[in-house]
Amino acid sequence: MKQFEYRLIDFEVFKNLNLLNLKKNVLWGAAAKGRQIKRTLEKAGIKVAFFCDSDVNKWGQIFDGIPVISPYELRKIFVHDQLFNVISCVFGENDVLRLLQELELNQVSFLSYWGVKTACVLYDIPLVSEGTLETYDEIWKYQTRNRIKEESLINYLRKLQIYDPDTIWCLQPGKVASLTVENRLCQAGVPTIQGHDFFYLSMYGENPLKDILAEMVSFRISSGIKIVTGVREPLARDYSAFWEPFTRNLPYIAPVFDKDFQRMYESYIELLSKGYDYTRLFLKESMPFVWRDEFEWFNEEIKKYIGIDVYRYSFDSQKGYQVIKQGNTQVFIYKTEKLNEIMPKLSEFLGKDISSSENLNQAESKSYYLAYTEFQRKLKLPRSYVEHYYKNNPYMDHFYTKDEQEMYLSKWKGCINE
């Protein structure tokens, strides 16, 4: 079968919403989400021509004043008139794309469901209330964000209070496969505490529970803890960290939000280059926990709070892991790229076999996956940013050999601005 090529238009629509009115718009999915998107777009002045749905029971019906056509009718329209956009209103977009491929609808303009929702945020278009979806007005409410933080703090305190001596701290800079480890531990019945720093909740303004938190964390640290943490090739890690807020319906990153994602990414890496303290001061409570230099994180957290300087201990890059024991505290550091290989060693450290558990954090399952892969293909990285990691960086040299650095850098070569 000929290779299927569709044209994702998410980033074009972010820059110019009116592009949608240059072609006929077909909404894929005539259920509640589809009708919500239809009414939302129409309120924004975007016309919708058809619904398309794979449910035979909906074919030929009229929903919200427009007809529901079958995928086969869509193919007939495409043969005679290729000037239309397919706008996804379903989460399982890989199934939609496979069907479009079977219909041989090559080069069709495709707007993902994540793209529709993000465009609504960028253009301040509230989603029409329909079905089970929340409106962005509700998602962006400060009170809602505050309530979520309060619940997170209480949950953290509860774990510290009913502390099990076998608890494993999955503490890391973020986007280093930590959720994979945590999910496997949970499946094995091992109690865990997961986070990106010991006192991450303290940045959220004044809270009467913060003093209690500080005391409890300090007590647990002094009693001895086991930490599992990881590192990852920094350009890939930063890219993944940039997208992390988009898993949370965009309650963060408002200060750097831009309709041009390339500019937004440049703003993001500029913050990273200025350091954690500056970024936290600039973004305040909007700062995602993972937006920090992963190599500096080991000094900011592990060294500062438990007195272990990981850079004083040699790291075996070939093995891809390291165990540090200092006093009654133990730290297991893994290299994400070798996580599957060193899983038996991690299981040995944990005292539980977690090597056969399922990976529950696949990138392909993310709502933004289509845009994630498309943006990476077009991304341009400032040379100064790349050299920050790959030119005389002792932290990079600590974890990665020169051969590894050359291999990873070659993968990003086409993205570097000359």
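A crossing of two helices is called right-handed if the near helix is turned clockwise from the far one by less than a right angle, and left-handed if anticlockwise. We will use this in the third exercise. The model you are looking at is predicted.

**Exercise 1: Getting an overview**

Find how many helices and strands the protein has, and what share of its residues is buried.

*Solution.* Start with the secondary structure: there are 18 helices and 12 strands. Next, turn to burial: of the 418 residues in the protein, 51% are buried. Finally, take the contacts between residues at least 6 apart in sequence: 69% of these join residues at least 24 apart.

**Exercise 2: The five-stranded sheet**

Work out the strand order of the open sheet of five strands, and say which strands stand at its edges.

*Solution.* Step one is the order, which reads β9-β8-β10-β12-β11, with mixed pairing. Step two is the edges: β9 and β11 (321-326) each have a single partner strand, so one side of each is left without a neighbour in the sheet. On average, neighbouring strands of this sheet are turned by 20° against each other, direction ignored.

Step three looks at β10 (residues 226-231) and its pairings. β8 (residues 168-171) runs parallel to β10, joined to it by three bridges. Here Ile168 stands opposite Lys226, and Cys170 has Val228 as its bridge partner. β10 also pairs with β12 (residues 329-335), again in the parallel sense, over six bridges. In that pairing, Lys226 has Gln330 as its bridge partner.

Step four asks about cover: five of the six residues of β10 are buried, so the strand is mostly covered, with buried meaning under 20% relative accessible area.

**Exercise 3: Two helices that cross**

Describe how α10 (residues 234-243) and α11 (residues 261-274) pack, and which residues meet.

*Solution.* First, the geometry: the two helices pack at an angle of about 115°, and their axes are 11 Å apart. They are therefore roughly perpendicular to each other. Now the opening definition comes in: α10 passes α11 in a right-handed crossing.

Then list the residues. From α10 come Leu235, Asp238, Tyr239, Ala241, Phe242 and Trp243, which meet Phe261, Met264, Tyr265, Tyr268 and Leu272 of α11. Sorted by class, this contact has 10 nonpolar residues, one charged and no polar.

**Exercise 4: What covers α8?**

Name the buried residues of helix α8 (residues 178-187) and find what covers them.

*Solution.* Begin with the residues: Ser178, Thr180, Val181, Glu182, Arg184 and Leu185 are the buried ones. Their cover includes the strands β8, β9 (192-195), β10 and β12, together with helix α14 (343-350). To finish, step just past the end of α8, where Gly189 takes a positive phi of about 80°.

**Exercise 5: The seven-stranded sheet**

Give the order of the open sheet of seven strands, then locate helix α2 (residues 32-43) against its strands.

*Solution.* The order is β1-β7-β6-β2-β3-β5-β4, and the pairing is mixed. At the edges stand β1 (7-8) and β4 (62-63), each with a single partner strand, so one side of each has no neighbour in the sheet.

Now zoom in on one pair: β2 (residues 24-28) and β6 (residues 84-88) pair in the parallel sense over five bridges. Within this pair, Asn25 stands opposite Asn85 in β6. Lastly, α2 lies across β2, β3 (50-52), β4, β5 (66-69) and β6, and runs at about 155° to β2.

Definitions and conventions
Residues are numbered from 1 along each chain as its sequence is written. This is a predicted model: local features need pLDDT of at least 70, side-chain atom pairs count only at pLDDT 80 or more; totals for chains, interfaces and linings use all residues. Side-chain values use heavy atoms; hydrogens and water are left out. Buried means under 20% relative accessible area, exposed over 50%, partly exposed in between (1.4 Å probe, protein chains only). Helices (H or I, at least four residues) and strands (E, at least two) are DSSP runs, numbered from the N terminus. Two strands pair if DSSP finds at least two bridges between them. Contact means heavy atoms within 4.5 Å. Axes are lines fitted to C-alpha atoms, for helices over the stretch in contact, and angles run from 0 to 180 degrees between N-to-C directions. Angles under 35 degrees count as roughly parallel, over 145 as roughly antiparallel, 65 to 115 as roughly perpendicular and the rest as oblique. Ala, Val, Leu, Ile, Met, Phe, Trp, Tyr, Cys and Pro count as nonpolar, Asp, Glu, Lys and Arg as charged, and the others, Gly among them, as polar.
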